[in-house]
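Visitor: I am new to this structure and would like to learn how to read its features. Could you take me through them one at a time?

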Amino acid sequence: MAAGVVRKKTGQFQTFVYLCNSRSCYGCNKAEKMKFYNRTSELAELQRIQNLSFSDHSRLTVVTGRRRIGKTSLVMKSVENLPTIYLFVGRKSEATLCAEFIPIISQSLDTFVPAEIRTFRSLFQYLMELASQRSFNLVIDEFQEFYNINESVYSDIQNIWDTYRKKSRMNLIVSGSVYSLMQKLFQNKKEPLFGRADNIIKLAAFDLATLKEIMRDHNPGYTNDDLLALYTFTAGVPKYVELFCDNINLNVDEMISFMVRENSPLTDEGKNLLIEEFGKNYATYFSILSAISGGINTQPEIEAALGDKSIGGQIKRLIEDYNIIVRQRPIMAKEGSQTVRYEIQDNFIRFWFNYFDRYRSLIEIKNFIGLQTIIKSDYPTYSGIMLERYFKQQFAESFQYRAIGSWWEPKGVQNEIDIVALKLEKNKAVAVEVKRHRKNFKPELLAAKVEHLKHKLLPKHQIEMLCLSLDDM
């Protein structure tokens with residue numbers, strides 16, 4: 001479920017693959033054939049809640065996740081061919097929004113809506129009263145924007161919802177792309193809508209099986225390096241996957257050339273994505289993320305890179321409020337251990353800081369060829385790091401392990417193992433060295449590290465040693 005409609009030639013015809021998260025995706029009626037990738041469990045959950053809403057009483061579902069992840073596409077897929085009102089909250093006055101919403105509601109449900117309604121409170125109450133007579137879906141997109149329009153709308157919704165919920169049959173779905181605000185709205189005890197959501201669905205990027213399926217559909221002769229590039233550059237985020245599918249052949253060189261060019265849609269994507277979260281005080285956050293993307297990944301090192309600026313508060317918010325970085329400790333380290341590295345979770349954001357942000361001067365003078373050359377030169381090293389991430393995700397998606405991570409000691413770079421995974425079976429583990437090419441693997445070096453790991457941490461474990469390379473994807 002990426003974003004957009006992807007044309008795919010089959011014989012003499014063109015079919016269309018449905019990868020849409022645009023806000024009008026439900027109107028893509030020109031498509032001859034549509035394919036909706038993945039999201040099976042999320043669709044099943046939305047449909048389960050919808051059935052309860054229509055047969056019992058109203059339910060509220062929150063769909064959240066980073067920008068471009070396919071929230072709108074998922075929601076509109078779940079309400080296909082059912083009575084549905086879709087309201088997009090743009091940054092306009094409340095009266096203007098209501099004036100726009102009234103004809104949408106009237107047309108969607110073939111019902112009369114009083115034209116004099118000028119507040120969302122009155123409009124929502126009217127809809128809840130209507131839901132006591134008939135069942136329908138109400139989808140409110142970019143729900144967090146009411147913060148910028150009239151914050152009291154959330155208290156109004158809470159009061160009306162509490163009054164009508166048990167005696168109406170509305171399936172209310174709200175979604176929003178500013179993750180920190182959506183989390184605050186529904187999970188902060190001080191907010192009026194705290195505890196009102198019956199379910200919160202956080203959309204993640206495509207899993208590896210889906211990326212492989214997309215590669216097979218759009219480049220049947222793909223190499224594993226092409227698959228790794230798609231994973232590295234897009235993070236499995238549907239919109240970015242769609243951009244590649246709709247414009248180029250899915251191979252490493254074409255992906256780089258498409259990303260790095262004049263008028264590329266990705267040049268400012270990282271900045272736009274994060275400023276939406278951070279607001280105008282984004283400079284320190286950007287400096288932290290830039291440092292982490294460049295391999296400066298401990299708090300003392302980051303603070304030194306920022307001129308000895310204290311960043312504890314920003315680090316905490318990047319983890320807890322914005323969900324952008326993660327705190328990594330060696331596997332089986334205690335929660336309070338000071339041996340900590342920070343990583344950017346999102347592959348695309350990591351890549352954007354590493355190249356689009358770091359080499360902004362090249363972009364300013366339109367030297368896209370120069371930046372392409374840098375990325376292509378760096379790619380074997382950079383993608384090697386991403387290959388390690390790929391295999392960690394592959395291990396996680398196999399559901400055969402109870403813990404997956406890396407292992408290192410605070411001192412001594414030799415005592416570091418790329419992946420250590422503890423199996424579900426008691427006292428069994430896997431230690432992995434990741435290499436792009438297996439010929440560079442030195443088994444005796446890994447064996448020495450594993451022996452040290454056993455002695456220090458896993459004396460009773462049977463540890464399997466592996467080298468994983470491009471060939472194993």
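Guide: Please keep in mind that this is a predicted model. A good place to begin is a pair of strands: strand β10 and strand β11, the latter made of residues 416-423, pair in the antiparallel sense over six bridges.

Visitor: How do strands of a sheet pair, and which residue in β11 stands opposite I404?

Guide: Strands of a sheet pair through backbone hydrogen bonds, and they do so either parallel or antiparallel. In this model, I404 stands opposite A421 in β11.

Visitor: In what order do the four strands of the open sheet come, and which are the edge strands?

Guide: The order is β10-β11-β12-β13, with mixed pairing. The edge strands, each pairing on one side only, are β10 (401-408) and β13 (462-468). On average, and with direction ignored, neighbouring strands of this sheet are turned by 25° against each other.

Visitor: Which helix packs on the sheet, and which helix lies across β10, β11, β12 and β13?

Guide: Helix α18, residues 368-398, packs on the sheet and touches β10, β11, β12 (428-434) and β13, its direction making about 155° with that of β10. Helix α19, residues 443-456, lies across β10, β11, β12 and β13, and runs at about 150° to β13.

Visitor: Turning to a single residue, is T284 buried or exposed?

Guide: T284, which lies in helix α13 (residues 283-293), has a relative accessible area of 17%, so T284 counts as buried, the cut-off being under 20%. Leaving aside residues up to four places away in sequence, T284 touches L306, K309 and Q314. With K309 there is a polar contact from side chain to side chain, at 2.7 Å from T284.

Terms used
Residues numbered from 1 in each chain as written. Predicted model: local features only at pLDDT ≥ 70, side-chain atom pairs only at ≥ 80, totals over all residues. Heavy atoms only, no water. Pairing = 2+ DSSP bridges. Helix = DSSP H or I, 4+ residues; strand = E, 2+ residues; numbered from the N terminus. Axes fitted to C-alpha atoms, helices over the stretch in contact; angles between N-to-C directions. Contact = heavy atoms within 4.5 Å. Buried < 20%, exposed > 50% of the residue type's maximum accessible area, 1.4 Å probe, protein only. Polar contact = N/O pair within 3.5 Å; in protein donor to acceptor, adjacent residues only side chain to side chain.
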